[in-house]
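Hello,

Here is the structure I promised to pass on to you. Have a look at it first, and then read on for what I found in it.

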Amino acid sequence: MAEVVKMPKMSDTMTEGVLAKWHKKVGDKVKSGDVLAEIETDKATMDFESYQDGVLLHIGIEEGQAAPVDTVIAVIGKEGEDYKALLSESSGSTEDKKEEKAPAATEDKKPAAATAAPETKPAAKVNLASIPATVIRMPALSDTMTEGVINKWNFKVGDKVKSDDSLADVETDKATMEVVGYESGTLLYIGPKEGEAAPVNGIIAIVGKEGTDITPLLQDAPQAPKGGAEEPAAATTTTATAEEDDDASVTTDDSRVKASPLARKMAKDKGIDLNLVKGSAEGGRIVKKDIEDYKPGENKVAAESSSTPAAKDAPAAKPAAAPITLPTFTGEEKFTERPVTQMRKAISRRLSESLFTAPHFYVTMAIDMDQAIEARAKINAVAPVKISFNDFVVKACAVALKQHPAINSSFQGDKIRTNEHVNIGVAVAVDEGLLVPVIKFADGKSLTHISLEVKDLAGKSKNKKLQPAEMEGSTFTISNLGMFGVDEFTAIINTPNACILAVSGIQAVPVVKNGAVVPGNVMKVTLSSDHRVVDGALAAAFLQTLKSLLEEPVRLLI
């Protein structure tokens, strides 16, 4: 019998997964234990093994697509077996809802049909695509705009218009703006008159070939008051776009440079003075093409030659200081976009919840690392594994947490859980974001053991081989940016932990010892704490213990 394969829940925080790659295709034979697909979760990309034997009969989602947990992604069964009943059962609840709505919709339509029966038969449906005209609709000129008022029409029915002409001035809830139709032809129809309002996406004009019958276009327009279903128009419908005038008002001053809104915006972005640009449109109006073809200094010579006679006739005057002219710099705005990965979605969701739910406070302390540096050099001279400063910090935190169990706690809503075991999460940066593998029972492990385990988990993280069990159960977290030379930073708590330690780099700075200024090596650490669980005095006491352990590292070996 065929069995459905559902999107598995591969981590405690996973809500959906992306099918990164299928290892089998429909018709392939599958054995229990075979890797069926690779699934990208919010933490890593992991192999998904089949638990059934048979033939892959159906694939529900394609590579690169996301699906919620427990969604059917495949069906495995005997070759030629009918699996459609299984798919129907899986989506049965959704279909039942649709079926409940369907009879009601049918019943609603019957009275309408009965009422319409005595009326004349509707005319044959006209192919709107064959009409040589384009509908211009009221554009949404702001995110809060629901309707616009026609302040002024710049053309009347029968006038010839060009694609860059401003058809009308529209008053929105924020400013008066020009509307450009972006269509050439004859203005065949004007909807709302000057002073009248039109809803967003409502028909305000029609531009097309002279003499065209536009009645079908108007009849096909959706009528919002009647609540009828909107039929998609086959004719090309251009939603007019607009650019806000710099003055946010309309002026009829002939001395102002005439330019289309798009040309004005391009000139502003490129730093071009419109007075120096020669317009090629009707009446010397500057359009997009004029800005694109403009070359700095083209009209400067002409302007200087025309002003020369006037300068000769003018009486001698004191030489004025030459104006400072900034060179014209033309740039181009560029950007790229990429889809948000499952890991980035999880980081966004969890850290937002942490920062906006847990009241954070921060305590910073400077630690003298001279003896730690000396101890590390001696240990690495004889140890089979190289010990890092991060290993010292992990071990010191584990010891300090046993002495300050309140820091090793978590907020559980109606109770506070104090953990007697010490599991330390170590933040590891990967290409897609951040992973936090966990060193479990770190207080009982040696520096060498911790070093080996951290290296192993960090390698798995970067190679996307980290398992969910290796990222769960932390009671405290460390985020170390010391290798990047960071002086100081704060970190967001990795819930449900009550605290996270931000570790900075070791800085060579002058320090005072025994009344004398001497060279020193100082490392700053900042503890971010959840004020629902930890108070300032507790955080400071924990950092004092951590400081004493790192400044006298021999205590870590006891």
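Which residue in S8 does Leu56 stand opposite? The partner of Leu56 is Ile76. Please keep in mind throughout that this is a predicted model.

**The chain as a whole**

The protein chain has 558 residues, and 39% of them count as buried. Eleven helices and 28 strands are found in it. If we take the contacts between residues at least 6 apart in sequence, 62% join residues at least 24 apart.

**The sheet around S8**

Leu56 and Ile76 are a good way into the first sheet I looked at. This is an open sheet of four strands, in the order S1-S8-S6-S3, and its pairing is antiparallel. At the edges are S1 and strand S3 (29-30), each of which pairs on one side only.

Going through the strand pairs:

- Strand S1 (residues 3-6) is joined to S8 by four bridges in the antiparallel sense, and Val4 has Val75 of S8 opposite.
- Strand S6 (residues 54-59) also pairs with S8 over four bridges, again antiparallel.
- S3 and S6 run antiparallel and are joined by two bridges; here Lys29 has Val55 in S6 as its bridge partner.

Strand S8 (residues 72-77) is mostly covered, with six of its six residues buried.

**Another set of strands**

Further along, strand S14 (residues 185-190) pairs with strand S11 (residues 160-161) in the antiparallel sense, over two bridges. Val161 has Gly185 in S14 as its bridge partner. S14 is also joined to strand S16 (residues 203-208), by four bridges and again antiparallel, and in that pairing Tyr189 is matched with Ile206 in S16.

**The nonpolar cores**

As you know, nonpolar side chains tend to be buried together in soluble globular proteins. In this model the largest nonpolar core has 49 residues, of which Ile424, Phe476, Leu501, Leu543 and Leu550 touch the most other members. Helix H9 (residues 389-403) gives the most to this core, namely eight residues. Leaving aside residues up to four places away in sequence, Leu543 touches Val363, Thr364, Met365, Leu501, Val525 and Leu527. Another core, of 20 residues, lies apart from the largest one; Met10, Met14, Leu36 and Ile76 are among its members. So Ile76, the residue opposite Leu56, turns up again in that core.

**Aromatic rings**

How many aromatic pairs does the structure hold? There is one. The ring centres of Phe476 and Phe542 are 5.7 Å apart and their planes meet at 55°, so the pair is tilted. Because Phe476 belongs to strand S26 (residues 476-480) and Phe542 to helix H11 (residues 536-551), the pair ties together parts that are 66 residues apart in sequence. Both Phe476 and Phe542 are buried.

There is also a charge over a ring: the charged end of Arg376 sits over the ring of Phe389, at 4.6 Å from its centre.

**Some single residues**

Gln342 lies in helix H7 (residues 342-357). Is Gln342 buried or exposed? Its relative accessible area is 4%, which is under the 20% cut-off, so Gln342 is buried. Not counting residues up to four places away in sequence, Gln342 touches Glu16, Gly17, Val18, Glu40, Thr41, Asp42 and Ala66.

Asp269 has its place in helix H4 (residues 261-270). With a relative accessibility of 47%, Asp269 counts as partly exposed. Asp269 and Gly331 are 62 residues apart in sequence, but their C-alpha atoms are 8.2 Å apart in space.

Lastly, the cysteines. Cys397 is buried, at 0% relative accessibility, and Cys499 is buried too, with a relative accessible area of 0%. The count of disulfides comes to zero.

I hope you enjoy looking through it.

Best wishes

Conventions
Residues numbered from 1 in each chain as written. Predicted model: local features only at pLDDT ≥ 70, side-chain atom pairs only at ≥ 80, totals over all residues. Heavy atoms only, no water. Phe/Tyr/Trp six-rings, centres within 6.5 Å; stacked < 30°, edge-to-face > 60°. Buried < 20%, exposed > 50% of the residue type's maximum accessible area, 1.4 Å probe, protein only. Lys NZ or Arg CZ within 6 Å of the ring centre and 35° of its normal. Core = buried A, V, L, I, M, F, W, Y, C linked by side-chain atoms within 4.5 Å. Contact = heavy atoms within 4.5 Å. Pairing = 2+ DSSP bridges. Disulfide = S-S within 2.5 Å.
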